[in-house]
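I opened this model to look up three things in turn: how the strands pair, where pockets lie, and which charged side chains meet. My entries follow in that order.

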Amino acid sequence: MTQQPILQVRDLHKTYNGNQVLKGVEFDIEKGQVKAVLGPSGSGKSTMLRLMALLEPADSGQILLKGSRIGSREHKGKSVHLSERTLAIQRQEVGMVFQRFNLFPHLSAVRNVMLGLTSVKGISHHEARIQARDMLQKVGLDNRADHYPSELSGGQQQRVAIARALVMNPSVMLFDEPTSALDPELVGEVLEVMENLAESGMTMIVVTHEVRFARRVANEVTLFDGGVIVEQAEPEEFFTNPQHERTRKFLSHVH
Ligand SMILES: Nc1ncnc2c1ncn2[C@@H]1O[C@H](COP(=O)(O)OP(=O)(O)OP(=O)(O)O)[C@@H](O)[C@H]1O
Ligand SMILES: [Mg+2]
């Protein structure tokens, strides 16, 4: 028996001021799979992740999580927006980590991690602090809980951001170039946390330029270009025997 994909994206479209950015994105991801997404700048990778994280609505198309549509619903044959309250509930299922961390500068690390628990999940301050500390420990930052973002390195801030997403217990984690803003010597500690997360069975979509990480950790590598998925294959196949000219061209610039 084949299991149902945990996340299904169907014919996703998005246009900004006449600029068609997503032109029918389609893919599935199975539970526990890690999908690495490569692609040139401006091809729509971040837009695709923002739509999946329900940070903005698609113009058309569907996102299904565990078989149920999220982000929009169908009414009399038309796609309609959901209330902010419903979106907030659904967003808990999809964790997102951004290139630039996006931590609140006026809150300590543990407070940043607690915030979603107290404000969205309605968990008590006391219990939230316990869970947040536990999550900070998992990303190797138990001794930095009371530091403010400005007192943390980029790698540490990004690990706080990962903890903040994970503490909500999402079904899927999305990463948008999580190491691109880091000094080279700090990249490894973030990739290590992500690799551990992958090994723990988390379903992950990772937009990245880290080819070695994609090759080692991902189950599937995708080339995204011009608002569509051009190629997807197992890492070995993707890097050694790409089927599309666009992939070959892209890889020749990356390698
Ligand atoms: N909020 C927005 N309003 C208007 N245009 C946007 C918006 N967000 C993205 N775009 C446009 O959509 C296109 C795709 O942007 P996107 O950030 O998704 O690309 P990307 O593949 O993530 O690129 P990069 O590798 O540089 O991060 C670009 O032309 C961008 O200018
Ligand atoms: Mg981007």
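**Entry 1, strands.** I began with β1 (residues 7-16), which pairs with β2 in the antiparallel sense over 8 bridges; strands here are DSSP E runs of at least two residues and helices are H or I runs of at least four, both numbered from the N terminus, and two strands pair if DSSP finds at least two bridges between them. The model is a predicted one, in which local features need pLDDT of at least 70 and side-chain atom pairs count only at pLDDT 80 or more, while totals for chains, interfaces and linings use all residues. Residues are numbered from 1 along each chain as its sequence is written, chains are lettered from A and ligands numbered from 1 in the order in which they are written, and side-chain values use heavy atoms, with hydrogens and water left out.

Within this pair I looked up H13 and found that its bridge partner in β2 is K23. The β1-β2 hairpin has 2 residues between the strands, and N17 takes a positive phi near 45 degrees there.

I then traced the sheet as a whole, which is open and has 4 strands in the order β2-β1-β4-β5, with antiparallel pairing. Because β2 (19-29) and β5 (68-70) stand at the edges with a single partner strand each, one side of each is left without a neighbour in the sheet. From one strand to the next the twist averages 30 degrees, with axes taken as lines fitted to C-alpha atoms (for helices over the stretch in contact) and angles running from 0 to 180 degrees between N-to-C directions. At the β5 edge, β4 (residues 60-65) pairs with β5 in the antiparallel sense over 3 bridges, and I63 has I70 of β5 as its bridge partner.

**Entry 2, pockets.** Which residues lie closest to the centre of the largest pocket? I first noted its space, about 560 Å³. The search runs on a 1 Å grid over the protein atoms alone, where a cavity is a set of points that a 1.4 Å probe fits but cannot get out of, and a pocket is an open set with protein on both sides within 12 Å along at least five of seven lines; lining residues have an atom within 4 Å of a point. Grid points are joined across faces, edges and corners, and a volume is the space filled by probe spheres set on the points.

Of the 22 lining residues, R91, M96, R164, A165 and M168 are the closest to the centre of the largest pocket. Two or more lining residues come from each of α2 (84-91), β8 (94-97), α3 (109-119) and α5 (154-166), and α3 gives the largest share, 5 residues. I sorted this lining by class into 14 nonpolar, 6 polar and 2 charged residues, counting Ala, Val, Leu, Ile, Met, Phe, Trp, Tyr, Cys and Pro as nonpolar, Asp, Glu, Lys and Arg as charged, and the others, Gly among them, as polar.

The second largest pocket has a volume of about 410 Å³, and 19 residues line it, with M135, L166, L197, S200 and M202 nearest its centre. Both α4 (125-138) and α6 (184-199) supply at least two residues of this lining, the largest share being the 4 residues of α4. By class I noted 9 nonpolar, 7 polar and 3 charged residues in the lining of the second largest pocket.

**Entry 3, salt bridges.** I counted 16 salt bridges, each a side-chain nitrogen of Lys or Arg within 4 Å of a carboxyl oxygen of Asp or Glu.

The first that I looked up joins E26 and R10 (3.8 Å, N to O); E26 lies in β2 and R10 in β1, so the pair ties together parts that are 16 residues apart in sequence. E26 is partly exposed at 39% relative accessibility, and R10 is likewise partly exposed at 26%, where buried means under 20% relative accessible area, exposed over 50%, and partly exposed in between (1.4 Å probe, protein chains only).

Next I took K14 and D59, whose side chains meet at 4.0 Å, N to O. K14 lies in β1 and D59 in the loop between α1 (45-52) and β4, so this salt bridge ties together parts that are 45 residues apart in sequence. K14 is buried, with a relative accessible area of 7%, whereas D59 is partly exposed at 44%. I also found K14 and D59 linked with R50 and E56 in a network of salt bridges.

My last entry concerns R248 and E245, which meet in a salt bridge (3.3 Å, N to O). They are 3 residues apart in helix α9 (residues 245-254), and so are separated by about one helical turn. R248 is partly exposed, with a relative accessible area of 39%, and E245 is exposed at 52%.
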